[in-house]
Amino acid sequence: MPRAEQKIRTRSRLIEAAGQLFLAHGIEGVSLDAVADAAGFSKGAVYANFTGKEDLLLAVWREHFAAKRMRLADSVASADEAAAVLGAIHATMTAFFAAGPWALLQAEIRRRSADWPRLAGELAALEAEELNEMKALVSGFLQRFAAEPRPDPAEMTETLAALFDGLVLRGVVAPVAPERLADRFMSVVIALAGLDRLAPGASR
C-alpha cells in the first residue's frame with residue numbers, strides 16, 4: 001500500500017476508534033493509549049497523526065459534522081415528491097438518534113472549551129458552518145415543498161437544531177426508541193413547513 005494511502009487509513013481508523021470511545025466514556029475517560037489500542041496501533045501512530053487529545057477530538061468532531069451534513073443533504077435531494085423526501089429525512093433522523101449521544105459529547109466539549117481555547121474557536125467555527133449549510137438545505141426544502149407563506153429558513157433551522165439536541169438528551173435520560181424520536185422531530189418539520197402530505201411514519 002502506498003505510504004500516503006496507508007497514512008490516510010491509519011488516521012481514519014484512529015478517528016473512528018476515538019469517536020466510539022469518546023461517546024462511550026466522555027472526554028476525560030479516554031486516553032490516547034486507549035485510542036491506539038482500540039484502533040490496533042501504537043501510541044506513536046496517534047502522535048504521528050495528531051498533536052494530542054484536543055487535536056484528535058477536533059478531528060472526530062469534523063468527521064461527525066461532515067457525515068451528518070452529507071446524509072441530510074442526500075435525504076433532502078433523494079426525491080421530487082414531498083412524501084418521499086419526508087420519508088427519507090425520517091429515516092436519516094432515525095439513524096442519527098440511534099448513532100449515539102452526540103449531543104452529550106457536544107455539551108462536554110463546550111464545557112471543556114474554557115480550558116482549551118483552540119477547541120472553543122474550532123467548535124464555534126464548525127457549528128457556524130453546519131448551521132449555514134443546514135439553512136441552505138432548509139431553504140431549498142421550503143422552496144420545493146412548503147405551503148405559503150413559507151417560514152423563515154434561518155428561524156426554522158435554529159428551531160430544528162435546538163429540537164434535535166433536546167430530543168437526543170431526552171432519549172438519554174429516559175430511553176425512547178430512535179424511530180419515536182424521529183417521529184417527534186418530523187412532526188415539527190411538517191408543522192413548521194405547513195405540509196399536509198406526509199410520508200409514512202413521519203406524522204406520529
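# Spaces and helix packing in a predicted model

Trainee: Which residues line the largest cavity?

Mentor: The model in front of us is predicted, and by the rule used here its count comes to one cavity of 30 Å³ or more. The residues that line the largest cavity are Trp61, His64, Lys68, Trp102, Ala103, Gln106, Phe164 and Asp165.

Trainee: Which elements give two or more residues to the lining of the largest cavity?

Mentor: The space in the largest cavity comes to about 30 Å³, and by class its lining has four nonpolar, two polar and two charged residues. The elements that give two or more residues to that lining are α4, α6 and α8.

Trainee: How many helices does the chain have?

Mentor: If we follow the chain from the N terminus on, its elements run α-α-α-α-α-α-α-α-α, and its C-alpha atoms fill a box of roughly 55 × 40 × 30 Å, taken along the principal axes. With zero strands in the chain, the elements to look for are its helices, and their number is nine.

Trainee: Which residues are the closest to the centre of the largest pocket?

Mentor: The largest pocket, an open space, has a volume of about 560 Å³. Its lining is made up of 25 residues, and the closest of them to the centre are Leu72, Met134, Thr157, Leu160 and Ala161.

Trainee: Which element gives the most to the lining of the largest pocket?

Mentor: By class, the lining of the largest pocket has 17 nonpolar, three polar and five charged residues. Among the elements that give two or more residues to this lining are α4 (53-76), α7 (117-145) and α8 (153-173). With seven residues, the element that gives the most is α7.

Trainee: What elements give two or more residues to the lining of the second largest pocket?

Mentor: The second largest pocket has a volume of about 450 Å³, and the class make-up of its lining is eight nonpolar, four polar and four charged residues. There are 16 lining residues, of which Val60, Glu63, His64, Ala67 and Trp102 lie nearest the centre of this pocket. The elements that give two or more residues to the lining of the second largest pocket are α1 (3-25) and α4.

Trainee: Are α8 and α9 roughly parallel or roughly antiparallel to each other?

Mentor: We begin with the packing, in which the two axes lie 10 Å apart and α8 meets α9 at an angle of about 165°. Angles over 145 degrees count as roughly antiparallel. Because the angle between α8 and α9 falls in that range, the two helices are roughly antiparallel.

Trainee: How many nonpolar residues does the contact of α8 with α9 have?

Mentor: The crossing of α8 and α9 is right-handed, and residues on both helices take part in their contact. On the α8 side these include Met156, Leu160, Phe164 and Leu167, while those on the α9 side include Leu181, Phe185, Val188 and Leu192. Sorted by class, this contact has two polar and two charged residues, while the number of nonpolar ones is 11.

Trainee: What is the class make-up of the contact of α4 with α7?

Mentor: The axes of α4 and α7 come within 11 Å of each other and cross at roughly 0°. Angles under 35 degrees count as roughly parallel, and therefore α4 is roughly parallel to α7. By class, the contact of α4 with α7 has 13 nonpolar, no polar and 12 charged residues.

Trainee: Is α1 oblique or roughly parallel to α2?

Mentor: Helix α2 (residues 32-39) packs with α1 at an angle of about 120°, and the axes of the two lie 8 Å apart. An angle of 65 to 115 degrees would count as roughly perpendicular and one over 145 as roughly antiparallel. The angle here falls in neither range, so α1 with respect to α2 is oblique.

Trainee: How many charged residues are in the contact of α1 with α2?

Mentor: α1 passes α2 in a right-handed crossing. The residues that meet are Arg13, Leu14, Ala17, Ala18 and Leu21 in α1, and Ala34, Val35, Ala36, Ala38 and Ala39 in α2. By class, nine residues of this contact are nonpolar and none is polar, while the number of charged ones is one.

Trainee: Where is the place of Pro149 in the chain?

Mentor: Pro149 follows a peptide bond from Glu148 that is cis, with omega near -10°. If we look for Pro149 among the elements, its place is in the loop between α7 and α8.

Notes:
Residues are numbered from 1 along each chain as its sequence is written. This is a predicted model: local features need pLDDT of at least 70, side-chain atom pairs count only at pLDDT 80 or more; totals for chains, interfaces and linings use all residues. Side-chain values use heavy atoms; hydrogens and water are left out. On a 1 Å grid over the protein atoms alone, a cavity is a set of points where a 1.4 Å probe fits but cannot get out, and a pocket is an open set with protein on both sides within 12 Å along at least five of seven lines; lining residues have an atom within 4 Å of a point. Grid points are joined across faces, edges and corners, and a volume is the space filled by probe spheres set on the points. Helices (H or I, at least four residues) and strands (E, at least two) are DSSP runs, numbered from the N terminus. Ala, Val, Leu, Ile, Met, Phe, Trp, Tyr, Cys and Pro count as nonpolar, Asp, Glu, Lys and Arg as charged, and the others, Gly among them, as polar. Axes are lines fitted to C-alpha atoms, for helices over the stretch in contact, and angles run from 0 to 180 degrees between N-to-C directions. A crossing is left-handed if the near helix is turned anticlockwise from the far one by less than a right angle, and right-handed if clockwise. Contact means heavy atoms within 4.5 Å.
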